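Reader: I'm new to reading structures, and I'd love a close look at just one part of this one. Could you pick a part and take me through it slowly?

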Amino acid sequence: MSHQPRSCLTEKGDSPNKSTGNGPPNLAHPNLDTFTPEELLQQMKELLTENHQLKEAMKLNNQAMKGRFEELSAWTEKQKEERLFFEIQSKEAKERLMALSHENEKLKEELGKLKGKTERSFEVSRLISCGFIL
């Protein structure tokens, strides 16, 4: 039966446009009574040849699609691995940035304390040199 909806069929179940929906249009619903046995045999041979060619084309197409699927699967897996690698690198970089920022803050505090001590020390030295402190 063809792939056409039932509403497109005649009372006998035939298609009004005499097309099966499959194969070339010149092979649509031949009247078998008008063929000689040789013509029927030739028609069968042609159909078998076409069927074989179509199967071979499908096989090649499936192989090509399988190969492409495998390539895409490998590419997808590589992308996942690269993304994970970059996420880990990013996390490590952020952690290192935080550690360096924390270290810089500590160093600034120490520097401030040292400057304060140095300034006080300098003032004390000045006062001593001026004779204010003995």
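**Charged pairs along a helix**

Author: Let's start with the shaky bit: over residues 1-9 the pLDDT stays under 50, pLDDT being the predictor's confidence in each residue, from 0 to 100. For that stretch the model has 14 contacts beyond four places in sequence, where a contact means heavy atoms within 4.5 Å. This is a predicted model, so local features need pLDDT of at least 70 and side-chain atom pairs count only at pLDDT 80 or more, while totals for chains, interfaces and linings use all residues. Residues are numbered from 1 along each chain as its sequence is written, and side-chain values use heavy atoms, with hydrogens and water left out. The average pLDDT of the protein is 82, and 74% of its residues score at least 70.

Now for the fold. The protein has 1 helix and 0 strands; these are DSSP runs numbered from the N terminus, helices being H or I with at least four residues and strands E with at least two. The part I've picked is the set of salt bridges, and a search of the whole structure finds 3 of them. A salt bridge here is a side-chain nitrogen of Lys or Arg within 4 Å of a carboxyl oxygen of Asp or Glu. Side chains of opposite charge can pair when their charged atoms come close.

Take arginine 68, whose partner is glutamate 71, with 3.2 Å between the closest N and O atoms. Both sit in helix H1 (residues 37-130), 3 residues apart, about one turn of the helix. Arginine 68 counts as partly exposed because its relative accessible area is 47%; the cut-offs are under 20% for buried, over 50% for exposed and partly exposed in between (1.4 Å probe, protein chains only).

Next along H1, arginine 83 meets glutamate 87 at 3.0 Å, N to O. These two are 4 residues apart, again about one turn of the helix. With 58%, arginine 83 is exposed, whereas glutamate 87 is partly exposed at 42%.

Then comes lysine 108, bridged to glutamate 105 with the closest N and O atoms 3.9 Å apart. This pair also lies in H1, 3 residues apart. Lysine 108 is exposed at 55%, and glutamate 105 is partly exposed at 43%.

You'll also meet a label here: an unreviewed UniProt entry annotates residues 90-117 as "coiled-coil region". Such positions use the numbering used here, feature names are shortened, and annotations may be inferred rather than shown by experiment. In the model, residues 90-117 are 100% helix and 0% strand, and their end C-alpha atoms are 40 Å apart. As for the whole protein, 4% of its 134 residues count as buried.
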